[in-house]
Amino acid sequence: MTTLMMILGIVVFAIGLLISIAWHELGHLSTAKLFGIRVPQYMVGFGPTIWSRKKGETEYGIKAIPLGGYIRMIGMFPPGKDGRLEARSTSPWRGMIEDARSAAFEELRPGDETRLFYTRKPWKRVIVMFAGPFMNLVLAVAIFLGVMMTFGVQTQTTTVGKVSDCVIEQSENRTTCEKGDEAAPAKAAGLKAGDKIVAFDGAPVDDWSTLQADIRANPGKDVTLTVERDGKRQDLKAHLIKNQVSKTDGEGGYVEGKYVYAGFLGFTPASGIVQQSFGQSVERMGDMMENGVESLISLPSKIPALWDAAFGDGPREPDSPMGVVGAARVGGEVFTMDIPPENQIAMMLFLVAGFNLSLFLFNMLPLLPLDGGHIAGALWESLRRHTAKLLRRPDPGPFDVAKLMPVAYVVAGIFVCFTILVLIADVVNPVRIS
């Protein structure tokens, strides 16, 4: 049964992946057609075509390897200065440029001269290239907000999980009390596991981060804790003391290895699934976006540890880069966990949403052959043309993005090597969630 559920989880993730890719390419396709650009092909996947159907002037299809997708637009690059499209040099770099230029015009038909991608105004090209990643962002936001507002997220609550017996400084890294340790304020006040703290000194509290901040801001103060116990409310008197505790990140979490002296009560909050308001969900989405950007920036610094995990005896860190194979494996693992089905569905949706958010951020990098590289080229062309107009100089014409193809091949080669490294690590030393 476990193997069957593992396979089911992988299949469900694969379907979510295909939908995400198709959704991305639909953004490019719809805006390209909106601006009159001819699109001969819309494909989900790479490699051999396993199904296709032509409708109008576009062939729609699915290919065997579900690791991406593309639409083929004619005239992605402008012709050379002499108006010719074919390669005309033995230089390998020039050959790359002219091969890309030729491919952009290989399906040119009579009447297509006005339907070329490069002939569209820069702002229209920006929209066409941005539409794909934007669709992934829309899907990620819709899933994240939908799950958080309807199902909820695992978070720390104001319910007491465990009461500390004594006061221990956090840096001591011990959990057992020793002779001479002072009794924890929570213990002395009569707080018990299962109590839900609903008010702090008369002020209502409904989330852990607020309660935590209130406790830490009042060292040495006598306070009243209003708790719900067995369906009834009662007030408990507690004297908060000053103690060394872990530094917080401002959202209820902790900064590893950092300590501060603050108010201390002495209990561990219980975790649970808590529905989020729209405002809370948006705030969490903002945090996810910020963390995603930070992860993308720090990606190069994680390569040594990833290499050690793949070819050495190093551990696979929880925040290690993970590819499609690793994500599919995690999806399979979700369906084998001993948790309610609704939790499994929520986790799977979060996994697909996270994949879409990563697609958006990655594709916005201003590097060819990514969408962000084409956006950067269109913006640079717009800047050049507007500058020339202001200075009353001749129009410099379209920016020849094809000249950057050697750089694009280098970038693509780096991406391929990184993808292979991640693939090997995902197979021999995968990230696990259980």
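## A first look at the structure

Let's start with one residue: Asp 230 is exposed, with a relative accessible area of 75%. Asp 230 belongs to a predicted model, one whose secondary structure comes to 11 helices and 10 strands. The radius of gyration is 28 Å, well over the 22 Å that the globule rule gives for 434 residues, so the protein is more spread out than a compact globule.

**Overall build**

- If you lay the C-alpha trace along its principal axes, the protein spans about 90 × 60 × 45 Å.
- Buried residues make up 41% of the 434 in the protein.
- Take the contacts with a sequence separation of 6 or more: 66% of them are between residues 24 or more positions apart.

**Spans listed by UniProt**

- An unreviewed UniProt entry lists three stretches as "transmembrane region": residues 126-147, 345-365 and 407-428.
- In the model, residues 126-147 are 100% helix and 0% strand, and the C-alpha atoms at the two ends sit 31 Å apart.
- Residues 407-428 also come out as 100% helix and 0% strand, with 32 Å between the end C-alpha atoms.
- The record, again an unreviewed entry, gives residues 149-231 as "domain: PDZ".
- That 149-231 span is 19% helix and 31% strand, and its end C-alpha atoms lie 26 Å apart.

**Val 147, up close**

- You'll find Val 147 in helix H3, which covers residues 122-150.
- Val 147 has a relative accessibility of 7%, so it counts as buried, the cut-off being under 20%.
- Setting aside neighbours within four places in sequence, Val 147 touches Gly 152, Ala 346, Leu 349 and Phe 350.
- Two of those partners, Ala 346 and Leu 349, have numbers that fall inside the listed 345-365 stretch.
- Gly 47 is another story: it is 100 residues from Val 147 in sequence, and their C-alpha atoms are 35 Å apart in space.

**The cavity**

- There is one cavity of 30 Å³ or more in the model, and the largest cavity holds about 90 Å³ of space.
- Residues lining the largest cavity include Met 76, Pro 78, Phe 117, Tyr 118 and Arg 125 from earlier in the numbering, and Pro 398, Phe 399 and Val 401 from later on.
- His 374, Gly 377, Ala 378 and Glu 381 are in the lining too.
- Helix H10 (residues 371-390) provides the largest share of the lining, with four residues.
- Sorted by class, the lining has eight nonpolar, two polar and two charged residues.

**Backbone oddities in the loops**

- Leu 368 and Pro 369 are joined by a cis peptide bond, with omega at about 10 degrees.
- Pro 369 is in the loop that runs between helix H9 (341-363) and H10.
- Back to Asp 230: its phi is positive, near 55 degrees, and it isn't a glycine.
- Asp 230 sits in the loop between strand E6 (222-229) and strand E7 (232-239).
- Arg 392 also has a positive phi without being a glycine, in this case about 60 degrees.
- The loop that holds Arg 392 lies between H10 and helix H11 (405-428).
- At 80% relative accessibility, Arg 392 is over the 50% cut-off, so it counts as exposed.

Key:
Residues numbered from 1 in each chain as written. Predicted model: local features only at pLDDT ≥ 70, side-chain atom pairs only at ≥ 80, totals over all residues. Heavy atoms only, no water. Buried < 20%, exposed > 50% of the residue type's maximum accessible area, 1.4 Å probe, protein only. Contact = heavy atoms within 4.5 Å. UniProt positions renumbered as here; feature names shortened; annotations may be inferred. 1 Å grid on protein atoms, 1.4 Å probe; cavity = no way out; pocket = protein on both sides within 12 Å on 5 of 7 lines; lining within 4 Å. Points joined across faces, edges and corners; volume = space filled by probe spheres on them. Nonpolar A, V, L, I, M, F, W, Y, C, P; charged D, E, K, R; others polar. Rg over C-alpha atoms; globule rule 2.2 N^0.38 Å.
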